[in-house]
Amino acid sequence: YILCRVNANQAATSIFDNVVVKQEDVPRDYSADIKGSGSNKTLTAVGNAGVGYEIPSYYGSALSFDGAGDYLETTLSAFGTSEFTIEYWINPNSISGSYVGTVRLQASTNVKRIEQAFQSSTLQIYTDTGAWRDTGFAPSTNQWTHMALEKYNGYLTLYANGVVVWRVPNTRDYDESFNVDIGSHVNSLNGYMQDVRVYSGVAKYKGGFDVP
């Protein structure tokens, strides 16, 4: 047990029993484990980004962001003209603010970009068209929403809980490798994310779907 005393001059004490201490771990990539080949990427935590426990979710834990400049970063190879899918679960405490990022893919030249961020409380997407596009979608706060951004058959489609909420033509060649930020753009996310997955060369859904 742990004995806590208010200060050295007072006798008042509290006793806590069965204390469980868990480390706020640096998140891991499991892509090679799932695929059965290759190597897992290294995720670098910036600020207080980490794994939070005792969070109501499928795993009982999730990526944790406090909205004060913390995020995760890694790198990805170029997509080229191939199809791709970027998906994640998100549970925001707040989506208000200026360009609060979720998943940001940006080439070092700043030309090739696939970025998602909340601006004026709706999700906006930048795909090197020269301007942000407002999807008009706002996930609920303090509950989990599944998001998927997919390039398939010449279109870029955003799904929320398996339902198409936004769609635009996209035949661009993403021929540069990406620097990836998870949980931040201009400002960082205040909330949780889990199961962030990027599939290069794969359109995973190709239409509306039931989210498990």
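Let's start in a loop. G67 lies between β5, residues 61–66, and β6, residues 71–76. This is a predicted model, so keep that in mind throughout. Is G67 buried or exposed? Neither label fits. G67 is partly exposed, because its relative accessible area is 36%, and buried would need under 20%, exposed over 50%. What does G67 touch, once we set aside neighbours within four places in sequence? The contacts are S188, L189 and N190. Now look from G67 to K204. Those two are 137 residues apart along the chain. Their C-alpha atoms are separated by 30 Å.

Next, the whole chain. The chain has 212 residues, and 42% of them are buried. The secondary structure comes to one helix and 16 strands. Along the principal axes, the C-alpha trace spans about 70 × 40 × 35 Å. The exposed area of the chain is about 11,100 Å². Carbon and sulfur atoms supply 46% of that area. Then the contacts. Take those between residues at least 6 apart in sequence. Of these, 63% join residues at least 24 apart.

On to strand β12. Two residues here, T145 and Y152. T145 lies in strand β12. T145 is buried, because its relative accessible area is just 3%, and the buried class ends at 20%. Which residues does T145 touch, leaving out those up to four places away in sequence? The list is Y88, W89, I90, F137, P139, S140 and N161.

Y152 is also in strand β12, which covers residues 145–152. At 28% relative accessibility, Y152 is partly exposed. With residues up to four places away left out again, Y152 touches E83, A203 and K206. One distance for Y152. From Y152 to D175 we have 23 residues in sequence and 17 Å in space, C-alpha to C-alpha.

Now charges. How many salt bridges are there? The count is seven. I'll show three of them.

The pair R28 and D33 comes up here. R28 forms a salt bridge with D33, and the closest N and O atoms are 3.5 Å apart. Are these partners buried or exposed? Both fall in between. R28 has 48% relative accessibility, so R28 counts as partly exposed. D33 has 47%, so D33 counts as partly exposed too.

Compare E115 and R104. These two form a salt bridge with the closest N and O atoms 3.3 Å apart. The pair links distant parts of the chain. E115 sits in strand β9, residues 113–119. R104 sits in strand β8, residues 100–106. The two are 11 residues apart. Both E115 and R104 are buried.

R104 has another partner, D181. In this salt bridge, the closest N and O atoms are 3.6 Å apart. R104 is in strand β8 and D181 in strand β15, residues 178–182, so the pair ties together parts that are 77 residues apart in sequence. Why does R104 count as buried? Because its relative accessible area is 15%, which is under the 20% limit. D181 counts as buried as well, because its relative accessibility is 15%. Step back and there is a network of salt bridges. R104, R113, E115 and D181 are linked in it.

R113 leads us to the rings. The charged end of R113 sits over the ring of Y126, 3.8 Å from the ring centre. There is another case of this kind. The charged end of R167 sits over the ring of Y155, 4.1 Å from the centre.

And rings with rings. How many aromatic pairs does the structure hold? There are 10. Which residues do ring pairs link into a cluster? F79, F84, Y174 and F178.

Last stop, the surface. I2, F16 and V19 make a nonpolar patch of about 260 Å². F16 is in strand β2, residues 13–16. Why can F16 be in a patch at all? A patch residue needs over 30% relative accessible area. F16 has 44%, so F16 passes that cut-off and counts as partly exposed.

Note on methods
Residues numbered from 1 in each chain as written. Predicted model: local features only at pLDDT ≥ 70, side-chain atom pairs only at ≥ 80, totals over all residues. Heavy atoms only, no water. Patch = residues over 30% accessible without salt bridge, like charges linked within 9 Å, V, L, I, M, F, W, Y side chains within 5 Å. Areas by Shrake-Rupley, 256 points an atom, 1.4 Å probe, with all protein chains shown as cover. Salt bridge = Lys/Arg side-chain N within 4 Å of Asp/Glu carboxyl O. Helix = DSSP H or I, 4+ residues; strand = E, 2+ residues; numbered from the N terminus. Buried < 20%, exposed > 50% of the residue type's maximum accessible area, 1.4 Å probe, protein only. Phe/Tyr/Trp six-rings, centres within 6.5 Å; stacked < 30°, edge-to-face > 60°. Lys NZ or Arg CZ within 6 Å of the ring centre and 35° of its normal. Contact = heavy atoms within 4.5 Å.
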